[in-house]
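Here are a few notes to go with the model, written as numbered points. Please keep the structure open while you read them.

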Amino acid sequence: RIVSAALVAFGLFALAMPEAMADLANLTVMPGQGDGWGEIGALYGGMMVAMGGVALYAMRESFADRAVVMGVLAILWLGVAAGRLKTRAGIFPSPRV
């Protein structure tokens, strides 16, 4: 529950202060490129709030499908990890100039 609550707090922080979130994640949004702020809000903000909120909801004593929901969340985290590994392996397109 603590990790789930921390995810919600982290997501709210990213939504409230996207510039600080970008600094924390060592990201640079190019001037005039509003899409970058949208991505920070969507991935670091909205997704973290949603995943943490769903996990908190699933942890209730009366929730019967806890294992299924937590399994889906685990699959989502594995997808995040796979994306990170792909970029670390250098398998990504060249940037556009």
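1. A word on naming comes before the rest: helices are DSSP runs of H or I with at least four residues, numbered from the N terminus. Please also bear in mind that this is a predicted model.

2. With that naming, S4 belongs to helix α1, which covers residues 2-16. Is S4 buried or exposed? Its relative accessible area is 9%, and the cut-off for buried is under 20%, so S4 counts as buried.

3. What does S4 touch, once its neighbours within four places in sequence are set aside? The contacts are G52, A55 and L56. For anyone looking along the partner segment, a general reminder may help. An α-helix has 3.6 residues a turn, so residues three or four places apart point the same way.

4. Stepping back to the whole fold, the protein chain has 4 helices and 0 strands. Read from the N terminus, the order of elements is α-α-α-α.

5. The overall dimensions deserve a look. The radius of gyration of the protein chain is 16 Å, whereas a compact globule of 97 residues would come near 13 Å. Along the principal axes, the C-alpha atoms occupy a box of roughly 55 × 30 × 15 Å.

6. On burial and packing, 21% of the 97 residues in the protein chain count as buried. Among contacts with a separation of 6 or more, 51% join residues that are 24 or more positions apart.

7. For the surface, the protein chain exposes about 7000 Å², and 68% of that comes from carbon and sulfur atoms. As for charge, there are 7 positive and 6 negative side chains, and the centres of these two sets are 8 Å apart.

8. You may like to inspect N26, which sits in the loop between α2 (18-24) and α3 (34-58). Its phi is near 60 degrees, a positive value in a residue other than glycine. Is N26 buried or exposed? With a relative accessible area of 71%, against a cut-off of over 50%, N26 is exposed.

9. Lastly, helix α4 (residues 66-88) offers a simple length check. How far should its 23 residues span at 1.5 Å a residue? The expected span is 33 Å, and the end C-alpha atoms of α4 are 33 Å apart, so the two agree. After α4 comes G90, where phi is positive, near 80 degrees.

How values were computed: Residues numbered from 1 in each chain as written. Predicted model: local features only at pLDDT ≥ 70, side-chain atom pairs only at ≥ 80, totals over all residues. Heavy atoms only, no water. Helix = DSSP H or I, 4+ residues; strand = E, 2+ residues; numbered from the N terminus. Rg over C-alpha atoms; globule rule 2.2 N^0.38 Å. Buried < 20%, exposed > 50% of the residue type's maximum accessible area, 1.4 Å probe, protein only. Contact = heavy atoms within 4.5 Å. Areas by Shrake-Rupley, 256 points an atom, 1.4 Å probe, with all protein chains shown as cover. Lys, Arg positive; Asp, Glu negative; His and termini not counted. Charge placed at Lys NZ, Arg CZ, Asp CG, Glu CD. Expected span 1.5 Å × (residues − 1).
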